[in-house]
Structures are given as structure tokens and as C-alpha cells.
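Here is a quick tour for anyone meeting this protein chain for the first time. Have a look at the model, and then we'll walk through it piece by piece.

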Amino acid sequence: MKRAVIAIYVILATFLGLYSTTIHYKADFSTDNYDEIGAHSTPCKTGDKSEVSYTPMLELGKEWRYNLYHFNVYRPKEEDRECVLRIEDVVEWDGKQFYSLEQYVDGNKVDRDEWGGGYLWEDYENRKIYFGARDYDGSMLTELLYDFDDPLNTPSVKGMLWGKNNAAVWEGYSGLDRELRNSYLFKDEKHSKFENFQLVEGLGFITSSDYEKYPDAHCVGTILSGVIGLAAGDCVLPKLYEVVNGKGEVIYSLETARPGYSSLNSVGRDEGGIVIGETAIEVMSDEPIGKVSVFNSVGMVVREVDIAGTQGRIFVSDLASGVYIVRTKRMNKKFTVK
């Protein structure tokens, strides 16, 4: 019901021609400063940065739910697993409230000695989130984790954006609770396409809308790590699929990131772009397809073609009987040769 209400709200905003100010921030690496480089009117969900108050992130009972997703490229992937980071306690050091996180994997609590634990402190006045860790002498060491006042100063963003012309673009973001939040998209000024991660107050990093339907292109990282880059080869990385507030209400959800959604051990979600025929597989996309690979049940590549256009086929009638997986950079699907 909430999703339907939000969808209607956004549609009405579009038809009514609601506009808001989009603020651009540009990185100047020679001085290590970040300057606002102007603003212009652009269609947006609603609201204006000057009118959107800061949305706090930390509260008791809040959960960030992740899919431990297998980015396998050499063999059929394993089943996804779930990881939950939950705020379960508040402790005080030097007059500051630190929120203690606990970790659960597939519903089982992980001992803090195994994963190190984590504390978060929120500087509400300056709109910053800090990671806290106990020192040997019992004091609390802190390190900046998120900077919502100056998004390009967020450490993991600095690590992901290597160019000298990076920009953070403000946009109002409405979650499932219909609360309008400050949000930032990131890009190189020389390119028109945004990165796959978006920084949102109260949530952290989420997958930007242009990448939501592509499971292999989702933003990865946790509330403690910030956004991280994809590793090559056979690896497991966490991607956020749901955030629940302290009242137990889901305030963010991404269905395509949910554990099991795109498992290669079952029929993949391919948006209709892969059609299995008796003699050949038809592949269609709204962008150049590139490499198409067919894996057998033990993960060996048995056929591979490169499709330069947005439509092509790969013949499979001569393959031995068995179960196979066809995979592109955006899609995958299981099929059987009899």
C-alpha cells in the first residue's frame, strides 16, 4: 500500500511539473576543497535542499539488511545469504552517545570477537557520522564515515572517484515512509552517467535508480564500510536490500537486491531479454550486449560469443544433454538441453 501511495505521489509531482533546485559540488584536488559550482532548476521528486531538514541516521532497533551476494564469474554462483547489522545498545564516552551494532548472518548472531563489532556516533549539528573503536587504554577512537554536509568529503566516496572533475548532485529522496531526505548522486562532470551509488540521509549508501534492475551492478558495501568497489573474480560482497527503522517499519527496499532474486541456481530474472529456444538462445537488450557466455553444470565455459548490437543469438543445439547457464553482463538464465 505504501509503495502504491508513493508511486502516485511521484506521478502527480511529474504531471504538475514540480521543480526543485539541484546543487552541484565539485572536487578541487589541488586544494582539497569542495566548492558549490552552481545550481539550476531540474525536474525532481519534490522539495528543495534549503527546505529539507537533516534526517538522523541512528536509533535503537534500526536494521540494515544485506544480501551476501556471490559475484562469481568462473562458475555458477552459490546461494545468496543474508546479513543484518542492528543497533542494539547505546553507550556513552566523553559525553557522546555511541550506538553499538550487532551482526546476524542467516538469523544467527555473530560473536563480536569474530567480526570486531562497531560503534557509530552522529554529529547532528554538522551532519556527520563517525565510526568508533575502543583503544587499548579504554578510550574511543573515532574516524569520519559519512559527511552529509560535504558529500565529496565522505572517505569511501573519495576512494571510489579517481578523477579530478567529480561532482555530487543533490536530489530530494522519498523513502517508503514518505519522508523527504537529502540525497546525493555522484558523477564525473565530463560524463553524463551517474555512478551506481547514492548517498541518502538516514539510510547511507543505496543503489542509484539507473542500476536498480541490474543485480550485478548494484552498489555494494555496509553501513560500517561505506560504498566499496567490485572485486574481480570469485567473491562475496554485501549489497543493501532493506532498511528497517527502530519501530520495525521498512523505510527502504530494493527487490532486485533481495537474497535469492538473481541466483544462478534458479531461473534468473532477465526482464524478458533472454529467450530460450530449441536450437538457439535469443538475447535482447536496450544497450550493446557484448560477451555472452554459456556455462555447464560444473562452471566451465562451453560457448562464448560477442554481440556488438542490441540483439543476437547463440546456438546451443549441439550441446550435450544437461543443465546450463547463459550469462551476459546484465542478465542470466538457466536452461536445460535434453
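What percentage of the 338 residues in the chain do buried residues make up? The answer is 49%. Keep in mind that this is a predicted model, not an experimental one.

## The overall build

If you trace the chain, you'll come across three helices and 24 strands. Take the contacts between residues at least 6 apart in sequence: 51% of them join residues at least 24 apart. As for the outside, the chain has an accessible surface of about 16800 Å², and carbon and sulfur atoms account for 50% of that.

## Charged partners

Searching the whole structure turns up 16 salt bridges. Here are some of them, with the distance between the N and O atoms.

| Salt bridge | N to O distance |
|---|---|
| Asp-106 and Arg-81 | 2.8 Å |
| Arg-112 and Glu-102 | 3.2 Å |
| Arg-86 and Glu-88 | 3.5 Å |

Let's start with Asp-106 and Arg-81, whose side chains meet in a salt bridge. This pair links distant parts of the chain, with the two positions 25 residues apart: Asp-106 is in the loop between strand S5 (96-105) and strand S6 (108-109), while Arg-81 belongs to strand S4 (residues 81-93). Asp-106 has a relative accessible area of 39%, so it is partly exposed. Arg-81 is partly exposed as well, at 42%.

Next up is the salt bridge between Arg-112 and Glu-102. Here too, distant parts of the chain are linked: Arg-112 sits in helix H2 (residues 112-115) and Glu-102 in strand S5, ten residues apart. Are these two buried or partly exposed? Arg-112 has a relative accessible area of 23%, which makes it partly exposed. Glu-102 comes in at 10%, and because buried means under 20%, Glu-102 counts as buried.

Then there's Arg-86, which forms a salt bridge with Glu-88. Arg-86 is partly exposed at 28% relative accessibility, and Glu-88 is partly exposed at 28% too. Both residues also appear in a network of salt bridges that links Glu-63, Arg-65, Arg-86, Glu-88, Lys-109, Glu-242, Glu-255 and Arg-258.

## Rings, and charges over rings

Now for the aromatic side chains, which give a count of ten aromatic pairs. One of these is Phe-186 with Phe-197: the ring centres are 5.5 Å apart and the planes are at 35 degrees, so the pair is tilted. Phe-186 lies in strand S11 (residues 180-188) and Phe-197 in strand S12 (residues 197-200), so the pair ties together parts eleven residues apart in sequence. Phe-186 is buried, at 0% relative accessibility, and Phe-197 is also buried at 0%.

Phe-197 has another ring partner in Phe-205: their centres are 5.9 Å apart and their planes are at 80 degrees, so this pair is edge-to-face. Like Phe-197, Phe-205 is buried. Which residues form one aromatic cluster with these three? The cluster is made up of Tyr-54, Tyr-146, Phe-148, Phe-186, Phe-197 and Phe-205.

Finally, look for places where a charge sits over a ring. The charged end of Lys-96 sits over the ring of Trp-121, 4.3 Å from the ring centre. Arg-112, already seen in its salt bridge with Glu-102, has its charged end over the ring of Tyr-119, 5.2 Å from the centre.

Methods: Residues numbered from 1 in each chain as written. Predicted model: local features only at pLDDT ≥ 70, side-chain atom pairs only at ≥ 80, totals over all residues. Heavy atoms only, no water. Salt bridge = Lys/Arg side-chain N within 4 Å of Asp/Glu carboxyl O. Helix = DSSP H or I, 4+ residues; strand = E, 2+ residues; numbered from the N terminus. Buried < 20%, exposed > 50% of the residue type's maximum accessible area, 1.4 Å probe, protein only. Contact = heavy atoms within 4.5 Å. Areas by Shrake-Rupley, 256 points an atom, 1.4 Å probe, with all protein chains shown as cover. Phe/Tyr/Trp six-rings, centres within 6.5 Å; stacked < 30°, edge-to-face > 60°. Lys NZ or Arg CZ within 6 Å of the ring centre and 35° of its normal.
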